[in-house]
Amino acid sequence: MVYGFINLCLKSLVVEKFGEEAWENIRREAEVEDNFMTYTYYDDVDTMTLIDVACRSLAVDKSTVLMLFGEFFFEFCVRSGYDHMLRTLGENLVEFIENLDSLHSYLTLAYDKMNAPSFRLEKVDSNMFLHYYSDRKGLAPMVIGIVKAVARAFFQSEVTMDILSEDREEERTRKKEHVVFSVTQRRLGGTGSQKPPKYVAQSHKGGEQQIRKEDVENVLSKLAQQNGVCPFPGNGTTPKVKAKRCWDKLRGIVTMGKLTNVFQPIYPDELWVDPRTFCNILPFHIIFDQQLQIKQSGINIQRIVPGIQTINIKVNDYFELIHPEIPLSFEQIKKFINSQFILEAKRLMMPTAWGGRPTLQLRGQMIWMPSIQCMIYMCSPKLTSLKELEERNMYMSEIALHDVTRDLILLNQQRLAEIELAKQLEEKKEELRMMSEALQEEQKRTDMLLYSMLPRQVANKLREGRKVEAGEYDEVTILFSDIVTFTNICAMCKPIQIVQLLNEMYLRFDRLTTVHDVYKVETIGDAYMVVGGLPVPVKSHAERVANMGLGMQMAAGHVKSPVTGKPIQIRVGIHTGPVVAGVVGEKMPRYCLFGDTVNTASRMESHGVPGKVHISPATYKALRGKSFIIKERGEINVKGKGPMYTYYVVGNGEATEDMLMGRPQRNRRASRSITPSPARGKGAVEEKEEQQLKSPASEKVKDDSEPESEMVVMLYKDSHEVSGQQANPPGSTKTSNGVDKGVDKGKKPSKSADSKSKPSTLPQEDDPVNLPADPRPTKTKPKNKRKKEKTQSKLCVIL
């Protein structure tokens, strides 16, 4: 197990070096969550999977990534506040590495499940070898990165590390991998390896020397210059007694002038403490010989583990070595003598009164005493909290006053409480983040629902508590549509089939409102109402609505009637004019349109022809000069309006079928233009529409989630941000827009409806010709004389 601290470090490395997108790709491929928490532990497999995926994704070999991760891990620890602790581990790189195990032992107080590696330095002549032990395989390059970063940051030196061997551990009992590095250290700015300076006097610390030889030589040269003769042995002129005094004088000069920290220890001839006092003031200690036979022990160890009072008892009879993970033998102890040793009493050797309590663990240092050829184990109970003290039925009074274990227990008790609090705060933070994301998703759904009922601009004002005043619009374009023979379909189908039919059709229409950026006002039964140029006025409102009508006719061809199984037909009517718009109601506010323009648009729909986009003279005038192909219908009698000269929008010369339907553009051969060729003659548009309705694509209903339903929004010269669309459920029997739909709902199906909307003088399609700008052009004689009973219809190509 590894703690989230490691995974957070890996995430920071990828984000800083390669970017947020690279980390997101790696995380998704590794199928690992992004919410790592510092004090939560994760499976090693997740971390190694992240590293393997990072190597593949970034095209970098694993050793390079691990070395980079090692260097960054050190930087990450420094940023996280561990820099002061790391700097105090040692004065040089050797002392730093030798004390790493002690640091890991301390960190286990906070990370109790931490499985840290172990390090041991070995010096052979002038060479230095680093032994690395770990339960995890293949992380040797990471060690190289860490050591190099430490040497560079703390000791201003460059380190070269070569792997000499990499195999399973033979010395240690519970570590899977043992790697030996050859380490060469070179000070930055130097020319080679730095040799330690030569000293004259040694202190009590083995190998550490205090008075440098060059300092002595400098003083000698100055004295020789002053006296002319060097007053020290070596020149053959100075008596030995006088030379000794000169050496004392020299030592004093060097000490006072150069080094003031020279220490000369004084050892007594005999130890001025009796054995009884020694065992009392050090209640936790063990002295044993090379055969591990216990020669002496502290009184508290004897009390807790009374069996060690037996003569010639051995250490390994009552204890087992927990750390370092090596066999408990004298040779191995001497090899790892710089490590911290943890011994645990064997449960079988504990007294019966101990019961099921945790066994005693001792933590301390092994010190070799060459004069008596014995090892002394200076230790203390391994206790990190008051809870552990109580579990072992021990008391603070059993620990010596001078032992820092007392302070460690009390201070760590507070630290554990802080860590637990930090862990809870981290968990709460993660919960809040997840709740925030869920809230944002709910907010999006709420906004979608709100924008489906009201335009985005109006909804935002209402949400902010502002009043929405009714506004007058000088010119907008309104579209109405309904299903041909809808009354008969309702009479012959089940209600659920009607709902499914309308839902399938309205989903396609709703999609088109986004494609052409128009506002869906409402649906009433089978009637669908759309407006362009509102609530944000745009000059291209007529173009948008006309394209919407053409797209609706195409979309209706993909919806089949539940009665006949054939594609349904719809009527579309469009009119342009002024309206008044505003929000009506409080409990269920609606954005409604009022004015005669609404009624006229409704009349264009009710007097239209199935499969046609019927427009009024005002809409014709708004579309004139654009790329639309318009065919005149002629004069008809409109209920409540009298005679009106109306037109059909046949197509758009600059828009393909894919563009009108909002689908991605296909190749030119596959993407059919909806504009008929003038040379195709009579019935070209009708034949094309009939082919489209009978095409194989119409046999399968596709929803918005299918690839063909991928949406592409058409761009106009005055395009603005897409407004929210309204999704009103069907079934409403009353309109708030001032539209009298009673007559339309009472239409008789099919034949009667067509006869009502098509007077006997209605012109039919013929060869296309250009019409003059006058909306009521002079009628001409038909060119095609094969069908004399039909008058010529004039196709208006307005460019």
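In what order do the strands of the 6-strand open sheet lie? The legends below take up this sheet and then several other places in the structure.

This is a predicted model, in which local features need pLDDT of at least 70 and side-chain atom pairs count only at pLDDT 80 or more, while totals for chains, interfaces and linings use all residues. Residues are numbered from 1 along each chain as its sequence is written, and side-chain values use heavy atoms, with hydrogens and water left out.

**View 1. An open sheet of 6 strands.** The order is β8-β7-β12-β11-β10-β9, with antiparallel pairing. Strands here are DSSP runs of E with at least two residues, and helices are runs of H or I with at least four, both numbered from the N terminus. Two strands pair if DSSP finds at least two bridges between them. At the edges you will find β8 (294-297) and β9 (319-323), each of which pairs on one side only. From one strand to the next, the twist averages 30°; axes are lines fitted to C-alpha atoms (for helices, over the stretch in contact), and angles run from 0 to 180 degrees between N-to-C directions. Within the sheet, β10 pairs with β11 (residues 361-369) in the antiparallel sense over 4 bridges. Look for Leu-343, which stands opposite Leu-362 in β11.

**View 2. An open sheet of 4 strands with a helix packed on it.** Here the order is β3-β4-β6-β5, and the pairing is antiparallel. The edge strands β3 (118-124) and β5 (157-167) each have a single partner strand, so one side of each is left without a neighbour in the sheet. On average, neighbouring strands of this sheet are turned by 25° against each other, direction ignored. Strands β5 and β6 (residues 177-187) pair in the antiparallel sense over 10 bridges, and Glu-166 stands opposite Val-179 in β6. Helix α7 (residues 140-154) packs on the sheet and touches β3, β4, β5 and β6, where contact means heavy atoms within 4.5 Å. The direction of α7 makes about 160° with that of β5.

**View 3. Aromatic pairs, and a charge over a ring.** The structure holds 15 aromatic pairs. Rings of Phe, Tyr and Trp (its six-membered ring) pair if their centres lie within 6.5 Å; planes under 30 degrees apart count as stacked, over 60 as edge-to-face and the rest as tilted. Tyr-133 and Phe-336 have ring centres 5.9 Å apart and planes at 50°, so this pair is tilted. Because Tyr-133 lies in strand β4 (residues 127-134) and Phe-336 in the loop between α13 (330-335) and β10 (341-345), the pair ties together parts that are 203 residues apart in sequence. Tyr-133 counts as buried at 0% relative accessibility, and so does Phe-336 at 1%; buried means under 20% relative accessible area, exposed over 50%, and partly exposed in between (1.4 Å probe, protein chains only). Arg-120 lies over the face of Phe-336, at 4.6 Å from the ring centre. A charge sits over a ring if NZ of Lys or CZ of Arg is within 6 Å of the ring centre and within 35 degrees of the ring normal.

**View 4. A ring cluster and the largest nonpolar core.** Ring pairs link Phe-74, Phe-96, Phe-154 and Phe-155 into a cluster. A nonpolar core is a set of buried Ala, Val, Leu, Ile, Met, Phe, Trp, Tyr and Cys residues joined through side-chain atoms within 4.5 Å. The largest one has 56 residues, of which Leu-50, Leu-86, Leu-93, Phe-96, Leu-130, Met-161 and Phe-181 touch the most other members. Helix α4 (residues 62-87) gives the largest share of this core, 10 residues. Leaving aside its neighbours within four places in sequence, Leu-86 is in contact with Phe-74, Cys-77, Phe-96, Leu-103 and Phe-154. Apart from this core lies another of 44 residues, among them Ile-489, Met-554, Val-649 and Ala-655.

**View 5. Backbone details in the loops.** Most residues other than glycine have a negative phi, and most peptide bonds are trans. A cis peptide bond joins His-323 and Pro-324, with omega about -5°, and Pro-324 lies in the loop between β9 and α13. Gln-373, although not a glycine, has a positive phi of about 55°. The loop between β11 and β12 (374-381) holds Gln-373, which is partly exposed with a relative accessible area of 37%.
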